[in-house]
Amino acid sequence: MTTSTNGKFDRTPLIAGNWKMNMDHVQGITLLQKLVWTLEDAKHNFERVEVAVFPPFTDLRGVQTLVAGDDLPVAYGGQDLSPHDSGAYTGDISGQFLARLGCRYVLVGHSERRTIHGEDDALLSTKMAAAYRHGLVPVLCVGEGLEVRTAGTHVAHTLAQLRANLEDVTAEQAARLVIAYEPVWAIGTGEVAGPADAQEMCAAIRAELEALYDAGTAAAVRLLYGGSVKAGNAAAILRERDVDGLLVGGASLDAAEFASIVRFEHHLVTE
Ligand SMILES: O=C[C@H](O)COP(=O)(O)O
């Protein structure tokens, strides 16, 4: 039996699709159109569950044109940004440019940026500042690798990342923040942290935000889980009290699958 959970959420759930380096600008438009059609056909309430996509940079202008032209109720953002605003930084993309393209969000510190591109906490603090400077909402990604998880120090490790990345972030800025907990061992591997694991970390992050700022700020921040999320496991993860949304990689490349994740409330089982 399925049901809805009207009233359960303290914060508007955010279901975000990170396309990573997939979908050229033509494919990206088709995917976004299919996604919106599917959701509109299903009468999805976009105000109740927010939907965002993170396409490659080369898709953003097309996405902007489609979203603005058809007045689509979907937010979008960049997968990364430069700490600088302009200048001789070949290959970098400025937060200023993302803002001009209508981006609401930007990913900061995705594990693939940290591991493949060696981005460290000092750099990520400057990227956080750049995001805020241009009115973008950072989706700050944190999480531990397999060795840390095996050693049982995942909470301490993730909270240390969080503290380092929020060092220069004020309470006012933090209130607009989104944080994605992504255990690296669960990304693209098919391994999913269980709902209890997601809740354990999200509760620890919220407590840390309360210690760093105050209870009101901690209550305003949306905490997402990411790592091998599919339509079949999304609802169980989102039942957890401190999990406010999902950052979906592979499954966001399939419009029907992603739409089903967005409509997770229809998969919740009545207790
Ligand atoms: O940004 C998304 C995460 O890296 C999760 O990716 P995945 O759903 O393919 O495991």
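These are my notebook entries on a predicted model, taken in the order I looked things up.

**Entry 1, the barrel.** I began with the strands. I found a closed barrel of 8 strands, running β1-β2-β3-β4-β5-β6-β7-β8 with parallel pairing. From one strand to the next, the twist averages 25°. I then picked one pair to look at by itself. Strand β3 covers residues 75-78 and strand β4 covers residues 105-108, and the two pair in the parallel sense over 2 bridges. Which residue of β4 is the bridge partner of G77? I noted Y105.

**Entry 2, the core.** Next I turned to the nonpolar residues. The largest nonpolar core holds 75 residues, and V106, V139, I179, Y181 and L246 touch the most other members. That fits a familiar pattern, since nonpolar side chains in soluble globular proteins tend to be buried together. I followed Y181 further and set aside its neighbours within four places in sequence. What remains in contact with Y181 is V142, G143, T158, A198, M201, C202, I205, L223 and Y225.

**Entry 3, helix α11.** Here I asked which residues of α11 (residues 231-238) are buried. My list reads N233, A234, A235, I237 and L238. And what do these buried residues pack against? I wrote down two helices, α9 (195-212) and α12 (255-262), along with the strands β7 (222-226) and β8 (245-248).

**Entry 4, the ligand.** I counted 14 residues around the ligand, with N18, I187, G226, G249 and G250 coming nearest. By type, the shell divides into 8 polar residues, 5 nonpolar ones and 1 charged.

**Entry 5, two unusual phi angles.** Most residues other than glycine have a negative phi, and I was glad to catch two that go the other way. D71 is not a glycine, yet its phi is positive at about 50°. S228 is not a glycine either, and its positive phi is about 55°. I checked where each one sits. D71 lies in the loop between α2 (60-70) and β3, while S228 is found in the loop between β7 and α11.

Is D71 buried or exposed? D71 counts as exposed because it has 6 C-beta neighbours inside 10 Å, and the cut-off for exposed is 12 or fewer. Why does S228 count as buried? There are 20 other C-beta atoms within 10 Å of S228, and buried calls for 20 or more. So my last note pairs the two: D71 is exposed, whereas S228 is buried.

Key:
Residues numbered from 1 in each chain as written. Predicted model: local features only at pLDDT ≥ 70, side-chain atom pairs only at ≥ 80, totals over all residues. Near = placed C-beta within 6 Å. Nonpolar A, V, L, I, M, F, W, Y, C, P; charged D, E, K, R; others polar. Pairing = 2+ DSSP bridges. Helix = DSSP H or I, 4+ residues; strand = E, 2+ residues; numbered from the N terminus. Axes fitted to C-alpha atoms, helices over the stretch in contact; angles between N-to-C directions. Core = buried A, V, L, I, M, F, W, Y, C linked by C-beta atoms within 7 Å. Contact = placed C-beta atoms within 7 Å.
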